[in-house]
Amino acid sequence: MADAHTAHSGESHGSVGSYLTGFVIAVLLTAAAFGLVMAHSFSPAGTIAAIAVLAVVQVVVHLVFFLHMNGSSAQRWNVMAFAFTVMSVAILIGGTLFIMHDTAINMMSR
Amino acid sequence: MAHDMTVDAAHAHDEHHESPVVFGFWLYLMTDCLIFGTLFAVFAVMRNQFAGGPTGKELFDLSGVGIETAILLVSSITYGFGMISAHQNKLGTMRMWLAVTFLLGLGFLFMEIREFSHMVAEGNGPDRSAFLSSFFTLVGTHGLHVTCGLLWMAVLMVQSTGKTVLSERMMNKLTCLSLFWHFLDIVWICVFTFVYLMSVI
């Protein structure tokens, strides 16, 4: 019984193995981002795009391996709330940048 | 067999109707996400408004940021190991992992405060330029969250001392703090990428 419980806990709350997998991937992604910036091997625009992609991938890795997000029915409402938040933040940041950029151009402040 | 079934059923019940406490805390984290989203939007608008003051390139020390990142990343899995011990009811091991996480968090906070006080001492505090105002607000808010997480962790370590079995209530508290702690690590990914690294490019 104790074993069954442990095995189940391992599945639903993460195991040492899954934490270590997530950790190794996260370390590689972080190192890649710092490495790209420190090496100056790409153009500035290319580097910005690359580290932004690395950050998004790392956020997903953390969500899956550390916060144990998945597509199971138990998680449906968690994932829905998260999706709504991501959408809100995207509108918030995208909208702010769009409006402030337009304002700067129309006011000729740049 | 019947015994196993009850365990499975109880556990399945536990999984499919995740504690409302944990779900409620998840919703709180989503609102916290909006706060950080707002602060990131402000920083994105202000990031070039130096008012003749120093730029991020002149101010930021990437090796320090790298160490802070490493500390926070390691503290994420040490807390994860603590949660695994908690699920196995190994309370001594759990407290040990929480203590390790606590010390790592303290180390992170120490480095951040040192960085901030250096900047303020050199006259590059939040009052220097719009860029620095938004920088201190964003990174400072994250630091404040880490401080709250550390206080919470200390309280849970004290509350679990002398216990041999974790109550469901205690387990919920540990799970909520685990979500909080991992969430802060996610925010930090965005901080080091969009604040530090992008300012240095």
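Visitor: Why is B:Phe60 called buried in this model?

Guide: In this predicted model, B:Phe60 has a relative accessible area of 8%, and since buried means under 20%, the residue is therefore counted as buried. B:Phe60 sits in the loop between helix H3 (56–59) and H4 of chain B.

Visitor: What is B:Phe60 in contact with, leaving aside its neighbours within four places in sequence?

Guide: With those neighbours left out, the contacts of B:Phe60 include B:Glu115, B:Met119, B:Phe131 and B:Phe135, and also B:Val195, B:Tyr196, B:Ser199 and B:Val200. In addition, the C-alpha atoms of B:Phe60 and B:Leu197 are separated by 8.9 Å, although these two residues are 137 residues apart along the chain.

Visitor: How do you know that B:Cys148 is in no disulfide?

Guide: A search of the whole structure finds 0 disulfides over all chains. For B:Cys148, the nearest cysteine sulfur is that of B:Cys176, and it is 15 Å away. A disulfide needs the two sulfur atoms within 2.5 Å, so the sulfur of B:Cys176, at 15 Å from that of B:Cys148, is too far for a bond.

Visitor: Are these cysteines buried or partly exposed, and what makes them so?

Guide: B:Cys176 has a relative accessible area of 5%, which is under the 20% cut-off, so B:Cys176 is buried. B:Cys148 has a relative accessibility of 43%, and because partly exposed covers the range between 20% and 50%, B:Cys148 counts as partly exposed.

Visitor: What makes the side chains of B:Ser19 and B:Asn172 a polar contact?

Guide: The contact between the side chain of B:Ser19 and the side chain of B:Asn172 is at 3.2 Å, and because the limit for such a pair of N or O atoms is within 3.5 Å, the distance satisfies the cut-off. B:Ser19 itself is placed in the loop between H1 and H2 of chain B, and B:Ser19 is called buried because its relative accessible area is 13%, where buried means under 20%.

Visitor: Why is A:Thr30 called buried, and which residues is it in contact with?

Guide: A:Thr30 lies in helix H2 (residues 16–39) of chain A, and its relative accessible area of 8% is under the 20% cut-off, so A:Thr30 counts as buried. Leaving aside neighbours within four places in sequence, A:Thr30 is in contact with A:Gln58 in chain A, and with B:Thr69, B:Leu73 and B:Phe192 in chain B. A polar atom of the A:Thr30 side chain also lies 2.7 Å from the backbone oxygen of A:Ala26.

Visitor: How many residues does each chain bring to the contact, and what area is buried between chain B and chain A?

Guide: Chain B gives 46 residues and chain A gives 48 residues, while the area buried between the two chains is about 4,300 Å², with 80% of that area coming from carbon and sulfur atoms. On the side of chain B that touches chain A, the elements giving two or more residues are helix H1 (2–16), helix H2 (20–46), helix H4 (62–87) and helix H7 (168–200) of chain B. The residues of that side divide into 28 nonpolar, 14 polar and 4 charged.

Visitor: How many salt bridges and polar contacts are found between the two chains?

Guide: Across the interface of chain B and chain A, 0 salt bridges are found, and the count of residue pairs in polar contact, both at pLDDT 80 or more, is 1.

Visitor: What is notable about phi in A:His68 and B:Asn89?

Guide: Phi of A:His68 is near 55°, a positive value in a residue other than glycine, and B:Asn89 likewise has a positive phi, of about 60°, although B:Asn89 is not a glycine. A:His68 is in the loop between helix H3 (44–65) and helix H4 (76–106) of chain A, whereas B:Asn89 lies in the loop between H4 and helix H5 (91–121) of chain B.

Visitor: Why is A:His68 called buried and B:Asn89 partly exposed?

Guide: The relative accessible area of A:His68 is 17%, which is under 20%, so A:His68 is buried. For B:Asn89 the value is 39%, between the cut-offs of 20% and 50%, and B:Asn89 is therefore partly exposed.

Technical notes: Residues are numbered from 1 along each chain as its sequence is written. Chains are lettered from A and ligands numbered from 1 in the order in which they are written. This is a predicted model: local features need pLDDT of at least 70, side-chain atom pairs count only at pLDDT 80 or more; totals for chains, interfaces and linings use all residues. Side-chain values use heavy atoms; hydrogens and water are left out. Buried means under 20% relative accessible area, exposed over 50%, partly exposed in between (1.4 Å probe, protein chains only). Contact means heavy atoms within 4.5 Å. Buried area is the accessible area (1.4 Å probe) that two parts lose on being put together, summed over both. A salt bridge is a side-chain nitrogen of Lys or Arg within 4 Å of a carboxyl oxygen of Asp or Glu. A polar contact is a pair of N or O atoms within 3.5 Å; within protein, one must be able to donate a hydrogen and the other to accept it, and residues adjacent in sequence count only if both atoms are side-chain atoms. Helices (H or I, at least four residues) and strands (E, at least two) are DSSP runs, numbered from the N terminus. Ala, Val, Leu, Ile, Met, Phe, Trp, Tyr, Cys and Pro count as nonpolar, Asp, Glu, Lys and Arg as charged, and the others, Gly among them, as polar.
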